[in-house]
Amino acid sequence: MSEQLTPVADADAIRETAKQVLADPDYKLRSTETFRRVWEWLLDLLRPILDFFDALYDFSPFLFFVMVAVLLIVVVALVVHIIYSFRVAMQRRGRASLYAELDETKGAKPETWEQRAQQAFEAGDYLHAIRFILHASLLRLEQARKSNLRRGATNREYLRRFQKTAAFEPLAEMVEITDSRWFGGIDCSRSDVETCFRAHQQIQSTISGGGAVAKHT
């Protein structure tokens, strides 16, 4: 007795059936569909720009390539600026954290600030060095007057306070450098710190001679 063979479907029919199954929306991957929609949205968004460049190229290929070159330069400049700004911000944040404990210390002696200023200077942290040496000068001036620093007072307020003393000129020099570098975004150099250190020494000499409390003549 012969065996009955199961009929085999035609290969073309199998391929057609598989194609219909895969084309069914229920079998489409959601991620693929989402990507397609996002891509279509981006194309719609960029189409006016692409049309403009197409028209520009048709009008003048030279202008087209000049425009593309300028845009590339602008993009590169923006990327470099963003990276540089981020790097500087992280460096300042890191440096600030190193001195945060000292910065909030109440009753710190001038010698402490002078020591920290020297350490920051040797480490190449010029911005904090000028800030610390200015604070040391203000502490010494207030101690000479037997008073305390007022929290929240600005450097300009201290300048007005010592305006008629012999300490005014070196103090004004330090305040100008510190404010312009700390708040004005100007790069602080080694020579700026050296200038502030010299001004601090002048203030110390003035205090020794009584010029911090006497009227400037």
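# A walk through an all-helix model

From the N terminus on, the elements run α-α-α-α-α-α-α-α. Colour by secondary structure and you'll see the tally: eight helices and zero strands. Keep in mind as you click around that this is a predicted model.

**Stop 1: the whole protein**

Show the surface to begin. The protein exposes about 16000 Å², and carbon and sulfur atoms supply 59% of that. Of the 217 residues, 26% are buried. Now think about contacts between residues with a separation of 6 or more: 57% of them join residues 24 or more positions apart.

**Stop 2: the core**

Hide the surface and select I130, L171, M174 and V193. These are the residues with the most contacts inside the largest nonpolar core, which has 30 residues. Which helices each supply at least two residues of this core? Select them one by one: helix 4 (110-122), helix 5 (126-144), helix 6 (155-161), helix 7 (168-182) and helix 8 (190-208). Helix 5 gives the largest share, ten residues.

**Stop 3: helix 5**

Since helix 5 gives that largest share, select it next. It has 19 residues, and from its first C-alpha to its last it reaches 27 Å, close to the 27 Å expected at 1.5 Å a residue. Is helix 5 largely enclosed or largely open? Count the buried residues: 14 of the 19 are buried, so helix 5 is largely enclosed by the rest of the structure. Before you leave, click on K146, which follows helix 5 and has a positive phi, near 55°.

**Stop 4: helix 7 and its crossing**

Add helix 7 to the view. This one has 15 residues and reaches 20 Å from first C-alpha to last, close to the 21 Å expected at 1.5 Å a residue. Its buried residues are P170, L171, M174, V175, I177, T178, D179, S180 and R181. What covers them includes helix 5, helix 6 and helix 8.

Now rotate until you can look at helix 5 and helix 7 together. Their axes come within 10 Å and cross at roughly 145°, and the crossing is left-handed. Show side chains to see who meets whom. On the helix 5 side, pick L127, H128, I130, R131, I133, L134, S137, L138 and L141; on the helix 7 side, pick L171, M174, V175, I177, T178, R181 and W182.

Zoom in on L171, one of the residues with the most contacts inside the core. What does L171 contact, leaving aside its neighbours within four places in sequence? The list is L134, L138, L141, Y158, L159, F162 and I203.

**Stop 5: Y158 in helix 6**

One name in that list, Y158, is worth a click. Y158 lies in helix 6. Its relative accessibility is 4%, and anything under 20% counts as buried, so Y158 is buried. Try the distance tool on Y158 and L138: they are 20 residues apart along the chain, and their C-alpha atoms are separated by 8.0 Å.

**Stop 6: helix 8**

Select helix 8. Its 19 residues should span 27 Å at 1.5 Å a residue, and its end C-alpha atoms are 27 Å apart, which agrees. The buried residues here are D192, V193, T195, C196, F197, A199, H200, I203 and T206, and they pack against helix 4, helix 5 and helix 7.

Pick T195, whose place is in helix 8. Why does T195 count as buried? Its relative accessible area is 16%, and the cut-off is under 20%, so T195 makes the buried group. Not counting residues up to four places away in sequence, T195 touches E173 and I177. From T195 to I177 it's 18 residues in sequence and 8.9 Å in space, C-alpha to C-alpha. Just after helix 8, look for G210, which takes a positive phi of about 85°.

**Stop 7: E114 in helix 4**

For the last stop, jump back along the chain to E114, which is in helix 4. Which residues does E114 contact, leaving aside its neighbours within four places in sequence? Show I133, A136, R140, H200 and Q204. Then draw a line from E114 to F197: 83 residues separate them along the chain, while their C-alpha atoms are separated by 9.3 Å.

Technical notes:
Residues are numbered from 1 along each chain as its sequence is written. This is a predicted model: local features need pLDDT of at least 70, side-chain atom pairs count only at pLDDT 80 or more; totals for chains, interfaces and linings use all residues. Side-chain values use heavy atoms; hydrogens and water are left out. A nonpolar core is a set of buried Ala, Val, Leu, Ile, Met, Phe, Trp, Tyr and Cys residues joined through side-chain atoms within 4.5 Å. Buried means under 20% relative accessible area, exposed over 50%, partly exposed in between (1.4 Å probe, protein chains only). Helices (H or I, at least four residues) and strands (E, at least two) are DSSP runs, numbered from the N terminus. Contact means heavy atoms within 4.5 Å. The expected span of a helix is 1.5 Å times one less than its number of residues. Accessible areas come from the Shrake-Rupley method with a 1.4 Å probe; for residues, only the protein chains shown count as cover. Axes are lines fitted to C-alpha atoms, for helices over the stretch in contact, and angles run from 0 to 180 degrees between N-to-C directions. A crossing is left-handed if the near helix is turned anticlockwise from the far one by less than a right angle, and right-handed if clockwise.
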